[in-house]
Every structure is written in C-alpha cells, then in structure tokens.
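Biologist: I'm new to this one, so could you walk me through a few of its local features? Please show me the structure and we can start from there.

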Amino acid sequence: MKQLKKTGSILSNLLIKLALILMILLIGSYAKVRLDFSRNKAYSLSAVSKQAVGKLKDNMVVKLYTSKELPAEMLVLDRYVKDLLEEYKQAGKGKFHYEVINGPTQEELKNKANQFGIGTMYFRIFENDKTTTKEIVYGLVFEYQGNFESMNVLPKMQSQLEYAMTLKIQKISRYTLPDISAFADSLYLLMPKQKYADELSANYNIHFTNLMEPLAQTPVLIFHSGYASLSPVQLYNLDQYIMKGGKLVVLADKVISDGERVWELQSNLFDFLENYGIKFSSDLAMDIFCDSRQMGVDTNISFPIYPVLRGSEHPITRNISNIVIYMGNGIIFNRKPGLKFQAILATSTKSALLEGPDYQLDSRLFLHPDPDVFQNPPIPLGAIVEGKFTSYFANKSESRNPGFVSAVQDGKIVVFGDRELYIDSDKSIYANRYQLILNAVDWLMGRNDMLSIRSRHLQESILDIPYYINKKELAWGDPAKTEQRIKLGIKLTATILPSLILIAIGGIIALNRKRTIGLQDEEV
C-alpha cells in the first residue's frame, strides 16, 4: 500500500511539472517571449534597430520573395530571416508588417522579384538520384510611403543581416541620421570605393569639406588624407575643429608608389599630427601573415608589405578578421604629457620592417619568405590617442585670431596607418576592412548598438584554416602547402581517432568482462 502511494505521489508530481511546462510554453507562444543566451546577444534585435522601426510615422511593409522549396543550405538562413522580421514587427508598434510571397509559380515569382532588383541564385542539389541545378529566388523588398528598397539575401549572410536590414529601414524611412564631417581630396575622388561610400551615406548625414572654411561643429570628422600638404588655412580650420571638441578619424601613411618604386611623402600633415602625440614611422610594416597572389597554376607569391591583421579586443576592431593593409606605416606615440595611447590594430609577433628611404625589396620575400626575417614584435597600425590636446598654433601668429581656442581637455583621435583603407578590395575576403572606419566613428559618438550589430559576427569561424594558422601564429612559408598539411592532419585525425576510441572502449569492456568471469569462477 505504501509503495502504491509513493508511486502515485511521484506520478502526481510529474504531471504537475509537465502541466507547468506546458502552461509556460502556451503563455510564451502568445507573449512571443524569446530568450537569447548567445554571446553578445547575437540573436536579439539591438536597440538601434528597435528605435528605427519604433519611430516609423507610417506603415512599412516588407515582402520576402522566396521560392517554395529551398535547398538545405538556405533553411537556417530562412528561419533567421523570418525570426528577425518577427522581432522588427514586435518593435514596430503596429507600423511594421511583413508578408511572404512564394508563388503562384516559380516563373511568376521570379518575374515579380526581378522587377524590384531581386536576383536569382543557382544551387547544385542531388534529386531523383542525380545532381541538378536549382534556381532559387530569395530577397527582401521594403515599401514605405510609395518608395521601395530591395535587398538580395545570400547564403551565410546571417552575420550581417540585421545591420543590412536596419540600414535599409533607416534609408527608406528617412530616419534622422547623425551628422558627421569628412575631408576628401582628389585622391579620395579617384579611388574605387562604392561599398564604403554606400554605407557611409546609409549610416550618417555627411558634410564634405575641403577645410578652406571653418567647419560645422559635428561630433566627428573623417580625415581621408592625400599626398599633398595642407595649406595653412586648412591646418588652422582642422586644428580649431579639434580644439572645439571635434573628434577625428585619420587615415594616413607616409609612402607612395608608382608600381615600380616606393618613396616617402613629405607632407606637413605628419608634423601637425605629432603635435597631438601621433608619429608615423618612415619604415613599412611587414608581416609573415600577408596577402598572397597566385601566379600561374602552382605558384603563390607572398606580399609581406600587405600584412593581413586580426582585430584586437577593442570595440572598434573586435571580431574583424582579414584586415589587409596596403603598404602601411607603423604608428608611434611620442609620449606627450597628458596624453594616453592605445594600440587597437597591430601586426603579429612575426613582423618585420622594410626600412626607408630606399625601401629595397628582396625578391626572396615574395617567393620564399624566411621566417627568421620576421622577428619584430607587433607594429601598431591602428591606435587611439586621447587626453589634453594643445593647439598646433598655440605659439604662432594665428593664436591672435578672434575666437582662437588654445586647448581641449578631452580630445580623441583614432588613426589608421593606411590612407586607402576605404577602397574596394579585389578579394572578397577583405571586403569588410573599411568597416573599421565606421566603427571608429560610432565609437567616438557612443553609438555602441550600431557598432555592435555591424561587427559582432564578422570574426572567422574557429574551424577556418587561415584563421587557425593566424591565431596560432604558425609560419606560413607556402600558404597553400601549410593549409593542405593542416587539412590532411584533420582528415586523418577524424578518420583514425574514432576507430581508436572504439577499439579502446571494446578493450576495456572485454577486460572487465574477463575479470567478472574470473571472479565468478573463483566463487564457484
């Protein structure tokens, strides 16, 4: 009888627990509560995204054009897109809506999507005992007050999806973007920079300046340096912008090349920056972890003067890998009193210097880089200098100008040792390097949410071979051969290790069984 009561009590407790779980799930389904335990809340809508849809003045409709049958590699992305759309809807206060359009036929879906600039993708799939090519439509169209913005959604795009969608929402809704200034000379205008220019205008309301007039006192100025010196008027206006509380993001380096030779620039910009604690080395930074180019069928040529860097733990560079720097100069702190220096981007511990002013390159560095050459410690190529800045013109005649400001207590300058950091790269793996500039601007303005959603997923997978080689600081030698050796080692380990584990388990079981039988025989 006691046993029956005990069993009944256990069953009652179990039923109560099951009922509670079902009740929580039921309430959760109506309340649409989601818990995100991922690092950095990677799967939760950020505050800046919620704000973008929360301030909509009219209804926004987002249409997801998608084929009815998606290949396996698109299923996770499809689920993530729909989850994000649902989160935007919840944050939209009744003014954000979405719908899924997948027919009636694939051809009609394709025609509708193409009208809005949504393209098609092709996947190789195994179907009906044979490999075939399948055409897939997948993209988003944003509609607001008669205006349209389209966006192709590609495989493995989860990392940038919220950031890209929020930019589209901000653009089409004419969301009030923060004001910034930007200096651009003829070099900037000539360089290919489509991706950078698009994101710059999508993130900020930009006031371009040639520095010939006093600047609007925006929070941040991006200084895209060129080859020529600045005029005294330009230097003065830049100095007074800093003295009045403006923050600076500087892109600069000290060398120029015509493809055959390299020589040092002579610009008054470098003397100007030294006044604020920033000195550029005349030597080129090199790294054994560098860009490589394939020449012919089997030959890879290394370019140590194009080091490939990984971000630091600072928010500006965190999670960003594959940052290629083209002929960059190291950044040195000249230790002026009252200033603090922090490196946020640097070469690896296997670095070297190409010394100026001759910049003599040994051909062996390209064909067979010797690890013994790369023994220098990390060379800073990105840094923050902050503290009390004294005007460059403090002891000059310009200090008598009306309204002259001689010092600022909380100055901040973020500097990168590559003036062409914004250019479009010819390799897709380096496509996101320009986002360092945007991150620097947002960090200086305190826009931490936008900074977070832009770069929180950009880090390479820990299973990525080049990422592993770089993280472990293994000497490349020949990158292709090194990568192949690691892949072969992984394959052999994955093939042999499970068998060895099973053999070991079988041996242990056999020994235990033999021991048990032996003990039983002894008892008999």
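Biologist: Where is L211 found, in terms of the strands around it?

Modeller: Happy to help, and please keep in mind that this is a predicted model. L211 has a positive phi of about 70 degrees although it is not a glycine. Its place in the chain is the loop between β7 (205-209) and β8 (220-224).

Biologist: Is L211 buried or exposed?

Modeller: Under 20% relative accessible area, a residue counts as buried. L211 has 0% relative accessibility, so it is buried.

Biologist: Which loop holds Y359?

Modeller: Phi of Y359 is near 50 degrees, a positive value for a residue that is not glycine. Most residues other than glycine have a negative phi. Y359 is buried, with a relative accessible area of 6%. The loop that holds Y359 runs between β18 and α10.

Biologist: What is omega near in the peptide bond from G356 to P357?

Modeller: P357 also sits in the loop between β18 (351-354) and α10 (364-367). The bond from G356 to P357 is cis, with omega near 5 degrees.

Biologist: How many of the 15 residues of α5 are buried?

Modeller: Helix α5 covers residues 158-172 and reaches 22 Å from its first C-alpha to its last. Among its buried residues are L161, Y163 and I169. The helix is largely enclosed by the rest of the structure, because the buried count is 11 of the 15.

Technical notes
Residues are numbered from 1 along each chain as its sequence is written. This is a predicted model: local features need pLDDT of at least 70, side-chain atom pairs count only at pLDDT 80 or more; totals for chains, interfaces and linings use all residues. Side-chain values use heavy atoms; hydrogens and water are left out. Helices (H or I, at least four residues) and strands (E, at least two) are DSSP runs, numbered from the N terminus. The expected span of a helix is 1.5 Å times one less than its number of residues. Buried means under 20% relative accessible area, exposed over 50%, partly exposed in between (1.4 Å probe, protein chains only).
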